[in-house]
Amino acid sequence: MTSPKPGAKVFISYKRGHQPTKDVMTPIIARLTKDEYAPFVDESGTGKEGVEIGPWGRQLYEALLKCQGAVVFVSQEAYHHSPWCRREWEILAARASAHGLPVVPIFVDKLSKEEMAAFPLAEVQGFPADKPDLETQLSTMLQKVLPPSEITPEDFLALHHAWLRYRYRSSPAMGDELFTLEDIYQNTECGDLPWRKLSPGFGQYESQTRVDWEKEKIGGRKDALEAVCTHLINPNFRDILVIQGTAGAGKSSFCLRFASELIIEHGLSPIFVRFCDLRLSRLTSSPIEEILSEAVRTGPEDEVPPISSVSLICDRLLREEATLYRGICRHVFVLDGWDEISLTGSLSYRQQLMSLMPRLRDFFINRPGLAVRLILTGRPSIEMGEAEILHGDSRVLSLLPLRPEQLEKMANTLISQSPHWELTEDSVNIAISEYSKWFVLRDKESAPARTKSLEIMGLPLLSLLTFRTIAGYSGTISELLQTPTALYKALADQTVEHYGNPENFVGPEGTARIAGDQLRLLLRKTAALISVLESETITYEELASRLREEKDKNLEKVVYDFSNARPLSNLVINFYFKGGQTDLGCEFLHKSFREYFFAEEIFSILKNFAIQNPTAPMLPTSEYWEDFPERSPQFELARCLAKLFCPQWQTPEERRNIFWLLQNSIREEPEQWLGLRDLLADVYGWWAEGIPLRMRPRWRYGRREMDPPLVDELMQWCLPFTREDSSPLRSTTVDGHLGEALLQLTALVHYELLEIVVHQLPPEKRIQHSYQSWDPNSKLCRFRPGGNARYLGNLLSRIDAVGFRPEGSALNAAFLAGIESTGEYLSHKTSFVVNFSEANLIRANLSRATLVGADLTNADLTEADLSGTELFGADLSSAYLASANLRRAGLKDATLIGADLSGADIGNADLGMANLTDANLLSANLSNAHLSGILFDGANLTNACLIGANLSGAQLIGANLSNADLRRSNVFGADFTGANLSGTNLTGTHIHFAKNIDRAFGRKRG
């Protein structure tokens, strides 16, 4: 046996501050030194009493990568309470597996069978600390140490694999919990479909817009890990795998579980890259492999591990064949979070995807030789379908909600491993029971599409947050779980209150700390400013600079303290923020947190204005183009909202959160919000009149001069203050974003206060009263978004001029309940294509409006006034029109498949050739309506009134007309095959040549 080379480096992994470990370690280090080894004992990052704090330094990384052998001291203390040690073990285990690095575990304490199974070095021979002559045995084993060498790309890959496995197996969940991701992970399940079935333009699916991937009957329910591996090891599959799911669905967690599976079970090498780490500003100047290599992480964001001198991802890597699977590359590439791309320069999110994705396909897929596996993850998005990376055979795995049994299993783990949560079986049982009810109904066609109920608990991240929040929650748990926003608010209330108390804080020396109210304000401001920049991160310099702009000295100092003491990751708000280098800034742990706190910031501003202005002040008479007087509430509110709304479209989640916070507060104290209602009408009118786009006149030295329009300032506000590599947005983009947000926000507040009748200012005294409709009889105040001139179509076209929007067509799922739009012209014959799909138009007044060809699919028009409205060729499929007024409406050739018209008044309306297949017209009034040629197949017309209606040539196959009133109607040539006419009144009805009416009526005609 050869002697060790003098100076051979031996890494010592140990738990600091643990005396039994120190007692065993001291003589061993002395012996290694005597035998001419060079033991490395890390003392960096150690606080009082040996507590491990702070990020890893470069010296520690290099010691782990350059060591030629290692001794690991294993104790119960290290195993359960030292993430630092467990990270070292993962790296050493990866190097031992990849390069045969000699590693010797010394067991200070005995591990149980279960603990040994999870020990990263379980397969490496170790010794108990009390073994006789341990020092000699150890020195002998280390004699096979390798000669010194430079750090190779393979070492970096080993470091990368160790980081992935540490995050899954050893890292404390949520940054500070007693359990790991592996402890609570539930096998994610998914639907599995080829891209051609989810996208139009492929064969038999060409005519459809999309398949609903959330329906299990479409893509089935499979174990996601098995589904991915099945495609991955199939030598005939040479395309991309996509894993998609909503926020919190567990995409990133699944990727970490998947990476561990590849290493252990398949002998494959996962390479995990986050889209947000890609420096896409270099796409035009650098090879794609260089950009990808730079984004391969080997540690957390607040550390700077060594950098490989050559690209980790290269052609050579892609030519390495898997040991177990012929024809397949050994390395599997996972790019996580396409929806979290950090915007750079002047390129939009869509433009960056369109530029990046084809290059990824060319580099990984469109190449000869071995089949290279590329897996992409992210939220479902229209842009991915347009990015020219997915082909017909690409597989799309859509993550599905957890089953109740999985949720229960997770809860039981939390109860046993998180006693500090005070999570009880009773509270868990209530939550599981509520979730089970939703789970049974969620995929049924009969379930209301507009009710999401408890879907949040089906998402792994949000289910974890749910259990954390209901632990010790004093309120009614079932009520808490009815909406995601309620959960986030409760989570924020409890977390900020508990951790925001500096007096009770015990933590590492030098850690910054702030009080709860200031902490919450910082969270809100940071979320808002990140959203303004359309990014997922903000530098401390940028944050401080913008707070200076807002003249908030207190928060500016807080940010300064953070950036000059420790990163935000050392605060309790690491529950909300990811750790990061001060030059990279702070980033929320999850996008949902940012979306909630951004909404809370908007709500807090609105509430402050409501409190300070119980009545909107009257303003002096002015021209339509004039701005508000400076320092007036209208002037200040317009600027506040413009800065928040103009940079980006509101996401559905942000809007949901804002609306929930507003609705709950308004319903508690409605009178308090009346002043804000009128202020919002003024501000909306200010936008509608184009005042932010107009130059601003002022008198100077006895003459009029023109200042630049406000939109110029807003475009500057949308750009980073501390970066030069960005280009301004178009003024139409800024204008459209602001207009859409004001439109829906103003509609919401007016609708919530529709029934509130108080002594109010007469409309002629209001400066922008043309955007409100005051009923002198009922004293109802409605929001009139088109103004007196009925310009709603023009204003919607102005919003749509932005062009691209993440949700597709304009005003999809918009909130327009209770609006006054009498006589508006919203026809498809104009340049504007109106899309009210899934819009909330409850109790809206659209009487005599022109909506020819409009898209109102799934729209909620309950109790809406559509009397005399022209809806020729409109699509109202699955729309809610219960108790709506459709008298004399023009619905010729309209599509109302599956629409709910129960109790609606459709008297004298024209529905000739319309399609009402499977529609619900229970107790509807269709007296004297024109229904010739209409399709009523499978429709429910029970108790409907069709007196005097013209049903000639109508098709009523399988329709239910029991107890309907068809007196004096005309059913000439109508088809009643399979219809139910029991109890129907046909007195005076013209039934000649009607098909199968006798059979349907249940008797022969006399």
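So, burial to begin with: of the 1006 residues in this chain, 57% are buried. Keep in mind that we're looking at a predicted model here. As for the surface, the chain exposes about 41900 Å², and 49% of that comes from carbon and sulfur atoms.

What about contacts along the sequence? If you take the contacts between residues at least 6 apart, 61% of them join residues at least 24 apart.

Okay, secondary structure. The chain has 32 helices and 18 strands. Let me pick one sheet and one helix.

The sheet is an open one with seven strands, and the pairing is mixed. Reading across, the order goes β7-β6-β12-β8-β11-β10-β9. Which strands stand at the edges? Those are β7, residues 222-223, and β9, residues 269-274. Each has a single partner strand, so one side of each is left without a neighbour in the sheet.

Now look at β6 and β12. Strand β6 covers residues 189-194, β12 covers 395-399, and the two run antiparallel with five bridges joining them. If you want a spot to click on, go to Cys190: its bridge partner in β12 is Leu399. As a reminder, strands in a sheet pair through backbone hydrogen bonds, and that can be parallel or antiparallel.

On to the helix, α30, which spans residues 731-752. Is it buried or exposed? Mostly covered: 19 of its 22 residues count as buried. We can also check its length. At 1.5 Å a residue, those 22 residues should span 32 Å, and the end C-alpha atoms do sit 32 Å apart, so the two agree.

Methods. Residues are numbered from 1 along each chain as its sequence is written. This is a predicted model: local features need pLDDT of at least 70, side-chain atom pairs count only at pLDDT 80 or more; totals for chains, interfaces and linings use all residues. Side-chain values use heavy atoms; hydrogens and water are left out. Helices (H or I, at least four residues) and strands (E, at least two) are DSSP runs, numbered from the N terminus. Buried means under 20% relative accessible area, exposed over 50%, partly exposed in between (1.4 Å probe, protein chains only). Contact means heavy atoms within 4.5 Å. Accessible areas come from the Shrake-Rupley method with a 1.4 Å probe; for residues, only the protein chains shown count as cover. Two strands pair if DSSP finds at least two bridges between them. The expected span of a helix is 1.5 Å times one less than its number of residues.
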